[in-house]
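Hi,

Here is the structure I promised to pass on to you. Have it open while you read, and I will walk you through what turned up.

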Amino acid sequence: MRGLDSPRNGPKLGWSRVGGISQTRRVFGVLIRIDSVTKRYPDGTVAVDRLSLDIPDRSITVLVGPSGCGKTTTLRMINRMVEPSEGTILIDGVDSRQQSVNTLRRGMGYVIQNAGLFQHRTVVDNIATVPRMLGWSKDKARARARELMERVGLDASFAKRYPYQLSGGQQQRVGVARALAADPPVLLMDEPFSAVDPVVRKGLQDELLRLQAELGKTIVFVTHDIDEAVKLGTMVAVLRTGGRLAQFAPPAELLSDPADAFVEDFLGADRGIRRLSFFSSGGLDLLTAPVVAVDATAEQIACRAASDVPYLLVTGLDGRPLGWSEPGALTAGRVDVGQLLPYGRPFVAGKDSLRAALDCAVLSPTGWAVAVDAEGRAAGVVSQTAIGEAIRGAHAHASAHAASVDPKAATR
Ligand SMILES: Nc1ncnc2c1ncn2[C@@H]1O[C@H](COP(=O)(O)OP(=O)(O)OP(=O)(O)O)[C@@H](O)[C@H]1O
Ligand SMILES: [Mg+2]
């Protein structure tokens, strides 16, 4: 691993092996094993109670739960900012207590809320902090920092700014870049995006998913927001007050089979709708018969109108949707685009989920959803009824699949 594998900086245990082993290991081997860990603070507070979790490598594991349920304590026990009272944490099979704290932390980037940047250092020097500590030259560390700025979507012109000259979202990006600077195999992230507004937050989440697809880190991500957990997590651990594990499962399973009333309550009222995010719209039967171009002839309109759909979708000459019309209101050669009913927000067939398709249909004045291709050209239309059938089919398929696969395979 870059920055970690030089003989001078090389760890005595663990880390240098992670990259090599991961190459041959099946996807989602266990990298961090939390084995019956309890944390009792000196005042007697039990923050974490006999917690066992197998955190898979090269994926995002989210710890979620109400305030005070022990998420931060758990995260900090992984890099030994907090020492467990009982139990063991194994990193790639090695007891974390057998490694020096410095070695352990060198393999774990840490990102917190509000980024926690050094206010007196420029962006580039904030990001270069760990490489500099590891003995890299200033030039090499800064070059690495600039490379990471690009990776996390920060314009190079920010390099010489100080943190107070950045927005909250930009500061978070610097925090992520700083944590990645020495290319650690593990990233620990404690509510990193909770201080920014929802739009910026969504951007940061998307960016993290993109980065993760590129870099394949083992990320442990703490949040109290279940939507964020479902969006980001490969696995999600729901903790309850007192630091006890309520459920550890992939998000789709959490939504379909909450372990108990606490998890169900925590997931919120619309978990059925949210679960549809995990089903592709690819299987929907799109109808092209009710789609007419704005320059359609009278015969073409008459022919399209013969289909069972009460409305026709009119498209422009470029194939993009313009709006809905009742067939009788269309006159060849004289389509008044201003009179068309809005087609709402289309979904991208095959790329978007059944949830997106359903949302389109619900918002559409005709009750029909418009599907487009990647270029935004109309690919067809689909009714709420057909989407409902596809949803039932997807549920049935998921249940059959769950019955044939051990759902706890990745959770021991
Ligand atoms: N140093 C400490 N001494 C005593 N109790 C502590 C200490 N640190 C945390 N606690 C307690 O341990 C429990 C878990 O705290 P922790 O910070 O891990 O919760 P959390 O899930 O991260 O909460 P939040 O969502 O509010 O950040 C809480 O009851 C907290 O008050
Ligand atoms: Mg916390």
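Let's start at one residue, Thr234. If you set aside the neighbours within four places in sequence, Thr234 is in contact with Pro56, Ser59, Ile60, Thr61 and Pro250. You will find Thr234 in the loop between H9 and strand E9 (235-240). Is it buried or exposed? Thr234 is partly exposed, because 18 other C-beta atoms lie within 10 Å, and a residue needs 20 or more to count as buried. Leu208 is 26 residues from Thr234 in sequence, and their C-alpha atoms are 13 Å apart in space.

Before going further, please keep in mind that this is a predicted model.

Now compare Val230, which sits in helix H9 (residues 226-232). Val230 counts as buried because it has 22 C-beta neighbours inside 10 Å. Leaving aside neighbours within four places in sequence, its contacts are Val236, Pro251, Leu255 and Arg274. Gly367 is 137 residues from Val230 along the chain, and 28 Å separate their C-alpha atoms.

Next, the whole protein. It contains 15 helices and 16 strands, and its C-alpha trace spans about 80 × 50 × 40 Å along the principal axes. Of its 412 residues, 39% count as buried. Among contacts with a separation of 6 or more, 63% are between residues 24 or more positions apart.

The domain assignment gives domain 1 (15-107 + 182-278) and domain 2 (282-391). Their C-alpha centres lie 43 Å apart. Four residues from domain 1 and five residues from domain 2 make up the contact. On the domain 1 side, the touching residues are three nonpolar, one polar and no charged.

Helix H6 (residues 138-151) is a good one to practise on. How far apart should its ends be? At 1.5 Å a residue, its 14 residues should span 20 Å, and the end C-alpha atoms are indeed 20 Å apart, so the two agree. The buried residues of H6 are Ala141, Arg144, Ala145, Leu148 and Met149. Seen down the axis of H6, these buried residues fall within an arc of 145°, which means they line one face of the helix. A general rule helps here: an α-helix has 3.6 residues a turn, so residues three or four places apart point the same way. The buried residues of H6 pack against helix H4 (123-127), helix H5 (129-133) and helix H7 (168-180). On the face turned away from that buried side, H6 carries the exposed residues Asp139 and Glu150. After H6 comes Gly153, with a positive phi near 80°.

You can try the same exercise on helix H14 (residues 354-363), where Leu354, Ala357, Leu358, Cys360 and Ala361 are buried. Viewed down the axis of H14, its buried residues fall within an arc of 155°, so they too line one face of the helix.

Finally, take a look at ligand 1. Which residues surround it? The shell around ligand 1 is formed by Tyr41, Asp43, Thr45, Ala47, Ser67, Gly68, Cys69, Gly70, Lys71, Thr72, Thr73 and His224. By class, that shell has three nonpolar, seven polar and two charged residues. Helix H2 (residues 71-78) gives the most to the shell, with three residues.

Happy exploring, and write back with any questions!

How values were computed
Residues are numbered from 1 along each chain as its sequence is written. Chains are lettered from A and ligands numbered from 1 in the order in which they are written. This is a predicted model: local features need pLDDT of at least 70, side-chain atom pairs count only at pLDDT 80 or more; totals for chains, interfaces and linings use all residues. A residue is near a molecule or strand if its C-beta atom, placed from the backbone, lies within 6 Å of it. Helices (H or I, at least four residues) and strands (E, at least two) are DSSP runs, numbered from the N terminus. Ala, Val, Leu, Ile, Met, Phe, Trp, Tyr, Cys and Pro count as nonpolar, Asp, Glu, Lys and Arg as charged, and the others, Gly among them, as polar. The expected span of a helix is 1.5 Å times one less than its number of residues. A residue is buried if 20 or more other C-beta atoms lie within 10 Å of its own, exposed if 12 or fewer, and partly exposed in between; C-beta atoms are placed from the backbone. The arc is that of the directions from the helix axis to the C-beta atoms. Two residues are in contact if their C-beta atoms, placed from the backbone, lie within 7 Å. Domain bounds come from an automatic or database domain assignment.
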